[in-house]
Amino acid sequence: MSCLEDMPHELFIGGKWTPADNHRLLTSFRPSTGETLATVAHAGASDVSRAVAAAGVAGRPGSRWHRMSPAARSRLLHRIGDLILDHADRLAMLDCLDNGKPLRVARAGDVPAAAAVFHYMAGWPGRLNGEHVPLYTGSPERHLALTVPEPVGVVAAIVPWNFPLYMAAAKVAPALAAGCTVVLKPAEQTPLSALALARLTQEAGLPPGVLNVVTGDAGTGAALAAHPGVDKITFTGSTEVGRDIVRAAAVDFRRVTLELGGKSPNIVFSDADLPQAVAGAAHAIFYNQGETCVAGSRLYVQRPVFDEVVAGIRERAAAIRLGDGLDRDTDMGPLISAEHRVRVLSYLRSARDGGAQVTGGHPPDSPGYFLAPAVVTGADPQAPVVREEVFGPVLVAEPFDTVQEAVAMANDSPYGLAAGVFTRDLGLAHQVGRRLRAGTVWINSWHVLDPALPFGGMRASGWGREMGRAGVDAFLETKTLVNDLGSHQWGPAPASR
């Protein structure tokens with residue numbers, strides 16, 4: 001395909017394109033057809049070490065990147081964002097082919113969002129200032145105390161396959177804004193847009209070694225997370241892998257930001273604008289094939305309107321058109337892989353075996369890894385489909401009676417990434433929103449994100465925040481400098497020489 005012509009397929013290390021040391025290759029498949037899409041270099045431990053070393057050299061004191069002024073760093077980040085928009089059609093096509101999502105969704109959503117992250121983060125380098133701190137115990141005339149923000153160092157950025165370009169931007173842009181250097185490891189299923197992003201940073205003038213990209217599998221990511229030359233790990237993915245990363249980082253106490261799984265609750269009260277609630281609940285779970293960490297996969301509806309809301313969502317689910325992402329009429333693309341579809345189907349089979357009612361959720365008789373959206377009712381509250389992250393277009397709906405019951409049901413989860421409330425009563429919405437254990441609570445909406453808004457979870461959904469000021473601070477260390485100015489007696493000024 002034309003978007004793959006002149007496409008880099010090697011590792012990007014130290015500003016150069018290079019094969020893997022062992023010349024191994026990794027195959028990328030088209031989820032819409034199951035056919036081979038491309039082959040890229042498969043990085044091993046030695047390649048990871050080369051990339052980490054290049055990042056370390058690029059960020060050391062006296063390097064071009066270290067000496068670059070905040071204004072110059074801002075211009076560079078903004079230029080990368082501009083280049084993403086200039087190449088939007090090609091980048092959207094890469095994510096459509098590699099991930100399977102509809103091309104129009106990638107073009108209207110993922111690519112502009114990635115550019116917006118770089119444009120927003122371009123505003124931070126000149127605002128990362130320290131402060132003068134008045135001392136309570138020292139002498140204000142003798143001691144001058146200052147704080148200085150410094151980049152944490154070499155960052156290992158490990159991203160998932162559901163939003164390949166956007167998630168790469170979300171890791172790389174704030175790290176660069178803080179002055180760090182980065183080794184980016186894209187998901188093995190979706191390596192192409194990360195390589196394209198690396199080429200754009202080259203075109204923008206990013207100094208060699210500031211961004212490095214190593215493609216590979218889980219072993220590549222594990223080698224990167226465990227590398228002693230890495231100062232910070234930022235990871236988005238499953239809670240299970242997040243635990244492995246914490247163990248690897250704990251050996252030498254490296255800093256970690258984790259954005260992990262979710263099982264997000266959505267509460268619909270009987271006074272809600274029901275057409276809005278139905279549309280919002282369907283969007284919450286079926287957007288991006290349900291392959292989003294913030295998917296509104298648990299729906300709690302007040303009993304008087306439960307049947308009406310569920311019927312409306314089932315009607316919307318039945319109308320969703322499955323198909324190749326290149327087809328303009330496609331509403332929902334395939335799941336990422338055959339293995340993942342088998343996993344999602346196992347949850348639906350278990351729900352049926354447990355006595356739940358399942359509408360939809362069948363794979364069509366066609367190539368690719370497609371799955372019709374499903375709505376599950378009557379499931380046991382302890383069933384896996386209710387408790388565990390399915391990461392597919394599967395909604396579990398349950399009725400509730402009181403506000404207290406709704407909050408208790410919503411909070412009965414090890415996760416805490418996102419939640420939603422639909423009601424016309426703004427006071428009730430904020431009262432409930434404050435009581436929900438989630439990093440983001442949407443009111444009468446869902447999937448509203450912005451680079452200025454801190455994003456992250458509680459409990460098993462991760463550590464720390466991305467985006468906003470908090471997302472930049474995550475890549476900074478604060479150093480305290482205390483200066484002894486000496487003791488001087490007041491008197492005439494020294495005679496000039």
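Colleague: Before we start, what counts as a salt bridge here?

Modeller: A side-chain nitrogen of Lys or Arg within 4 Å of a carboxyl oxygen of Asp or Glu. Keep in mind that this is a predicted model.

Colleague: Thanks! So how far apart, N to O, are arginine 30 and aspartate 324?

Modeller: Their side chains meet at 2.8 Å, N to O, in a salt bridge.

Colleague: And how many salt bridges does the rule find across the interface of domain 1 and domain 2?

Modeller: The rule finds 2 across that interface. As for polar contacts, 11 residue pairs make them between the two domains, with both partners at pLDDT 80 or more.

Colleague: Which helices help on the domain 1 side?

Modeller: H4 (88-99) and H5 (103-121) each bring at least two residues to the side that touches domain 2. The largest share, 5 residues, is from H4. Sorted by class, that side of domain 1 has 10 nonpolar, 11 polar and 7 charged residues.

Colleague: Switching topic, where do the domains sit along the chain?

Modeller: Domain 1 takes in 2-261 + 461-481, and domain 2 is 265-443. Their centres, taken over C-alpha atoms, lie 31 Å apart.

Colleague: How much area is buried between them?

Modeller: About 2,100 Å², with carbon and sulfur atoms giving 58% of it. On the domain 1 side, Pro31, Trp161 and Ser461 supply 24% of what that domain buries against domain 2, more than any other three residues.

Colleague: Nice. Last one: how many residues are in contact on each side?

Modeller: In domain 1 there are 28, and they are in contact with 28 residues of domain 2.

Conventions
Residues numbered from 1 in each chain as written. Predicted model: local features only at pLDDT ≥ 70, side-chain atom pairs only at ≥ 80, totals over all residues. Heavy atoms only, no water. Domains from an automatic or database assignment. Contact = heavy atoms within 4.5 Å. Buried area = accessible area lost by both parts, 1.4 Å probe. Polar contact = N/O pair within 3.5 Å; in protein donor to acceptor, adjacent residues only side chain to side chain. Helix = DSSP H or I, 4+ residues; strand = E, 2+ residues; numbered from the N terminus. Nonpolar A, V, L, I, M, F, W, Y, C, P; charged D, E, K, R; others polar.
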